[in-house]
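Colleague: I am new to this model. Please take me through the ligand site closely, and then show me a few places elsewhere along the chain.

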Amino acid sequence: MAQFLMRKQFLMISDNLKQVNSRIDSIQSNHDVQLIAVSKTRSVSEIQEAFDAGQMHFGENYLQESLDKISYFKGTGLVWHFIGPIQSNKTASIAENFDWVHSVDRVKIAKRLSDQRNPNLGKLNLLIQVNVDKEETKSGVFIEQVDEIVSEIISLPHICLRGFMCIPQAENSTNSFSEMKNLISKYPSLGSLSMGMSSDLEVAIENGANLVRVGTDIFGQRSYN
Ligand SMILES: *Cc1c(COP(=O)(O)O)cnc(C)c1O
């Protein structure tokens with residue numbers, strides 16, 4: 001019985017992945033799109049099932065729960081993206097365990113990540129989180145502050161600034177995605193735009209997203225957030 005359930009779940013995650021990948025492929029765009037499977041709250045065995053189906057990039061929000069998963073998959077070539085809020089006392093562990101950080105919104109955090117990155121690991125890829133709709137409850141810098149933060153962190157030695165990330169208001173996402181597209185066009189050296197989730201990845205890609213972060217449509221509903 002248990003075996004049957006596991007098999008069923010395996011089929012489910014791989015089928016979901018196929019569907020999400022074909023949604024991505026159905027959008028006409030002149031850029032490559034990397035799917036990030038958001039695995040917060042998910043177990044090692046769920047990640048393993050996605051990995052077996054060919055998924056290589058995973059996103060985590062909470063440092064504590066991510067560390068065991070990352071160490072379990074060490075040496076497999078999985079690529080880990082930190083996409084949650086960052087407390088400054090957690091930066092050393094983030095710098096050591098992740099390949100990408102999407103949620104930087106303070107110079108101080110970027111400096112700590114750069115200082116604490118082991119140069120042998122290569123540069124840490126970094127995105128600035130933009131609070132595109134100026135929501136009080138969300139992290140991120142306002143669009144007007146982007147220029148200043150870019151100029152302060154772009155030359156830090158052990159990070160590679162790649163671009164921007166946003167989590168727009170659901171009702172307004174088309175507009176917000178297009179503002180982000182406009183924003184990144186002003187920075188020819190930055191090529192990465194992390195936006196689009198389960199419900200709106202198509203519109204995000206149409207507006208230039210090349211990193212999409214999908215949880216629910218791959219793994220099913222989360223039981224906590
Ligand atoms: C949880 C989360 C996602 C995935 O959202 P789904 O709606 O489950 O696809 C994407 N980005 C961030 C920052 C998240 O916290």
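Modeller: What follows is a walk through the ligand site, then through some single residues.

Keep in mind that this is a predicted model.

Start with the pocket. The ligand takes up the space of the largest pocket. Which residues stand around the ligand? They are Val38, Lys40, Asn61, Ile83, Ile167, Met197, Ser198, Arg213, Val214, Gly215, Thr216 and Arg222. By character, this shell splits into five nonpolar, four polar and three charged residues.

Now the polar contacts. Lysine 40 brings a side-chain N or O atom to 2.7 Å from an oxygen atom of the ligand. Threonine 216 also uses its side chain: an N or O atom there is 2.6 Å from a ligand oxygen. Glycine 215 takes part through its backbone, where a polar atom is 2.9 Å from an oxygen atom of the ligand. How much of the ligand does the protein cover? On its own the ligand has 390 Å² of accessible area, and the protein covers 87% of that.

Step along from lysine 40 to threonine 41. Threonine 41 sits in the loop that runs between strand E1 (34-38) and helix H2 (44-52). Its backbone deserves a look. Most residues other than glycine have a negative phi. Threonine 41 is not a glycine, yet its phi is positive, at about 70 degrees. Is threonine 41 buried or exposed? Threonine 41 counts as buried because its relative accessibility is 18%, and the cut-off for buried is under 20%.

Lysine 134 shows a positive phi too, of about 50 degrees, and is not a glycine either. Its loop lies between strand E5 (124-130) and helix H6 (146-153). Lysine 134 has 44% relative accessibility, so it counts as partly exposed.

Next comes phenylalanine 73. Look for it in the loop between helix H3 (63-72) and strand E3 (79-82). Phenylalanine 73 is at 3% relative accessibility and therefore counts as buried. How far apart are the C-alpha atoms of phenylalanine 73 and lysine 134? They are separated by 37 Å, with the two positions 61 residues apart along the chain.

Turn to the helices. Lysine 111 belongs to helix H5, which covers residues 107-116. Its relative accessible area is 40%, so lysine 111 is partly exposed. Now pair lysine 111 with isoleucine 153. In sequence they are 42 residues apart, while their C-alpha atoms are 7.3 Å apart in space.

Aspartate 25 lies in helix H1, residues 2-25. With 63% relative accessibility, aspartate 25 counts as exposed, because the cut-off for exposed is over 50%. What separates aspartate 25 from glutamate 202? Along the sequence the gap is 177 residues; from C-alpha to C-alpha it is 9.6 Å.

End on a strand. Arginine 162 is part of strand E6, residues 159-166. Arginine 162 counts as partly exposed because its relative accessibility is 31%. Glycine 140 is 22 residues from arginine 162 in sequence, and their C-alpha atoms lie 16 Å apart.

Go back to the ligand with this in mind. Its space is the largest pocket, and the residues around it include Lys40, Gly215 and Thr216.

Methods: Residues numbered from 1 in each chain as written. Predicted model: local features only at pLDDT ≥ 70, side-chain atom pairs only at ≥ 80, totals over all residues. Heavy atoms only, no water. Near = heavy atom within 4 Å. Polar contact = N/O pair within 3.5 Å; in protein donor to acceptor, adjacent residues only side chain to side chain. Areas by Shrake-Rupley, 256 points an atom, 1.4 Å probe, with all protein chains shown as cover. 1 Å grid on protein atoms, 1.4 Å probe; cavity = no way out; pocket = protein on both sides within 12 Å on 5 of 7 lines; lining within 4 Å. Sits in = over half its atoms within 2 Å of the grid points. Nonpolar A, V, L, I, M, F, W, Y, C, P; charged D, E, K, R; others polar. Helix = DSSP H or I, 4+ residues; strand = E, 2+ residues; numbered from the N terminus. Buried < 20%, exposed > 50% of the residue type's maximum accessible area, 1.4 Å probe, protein only.
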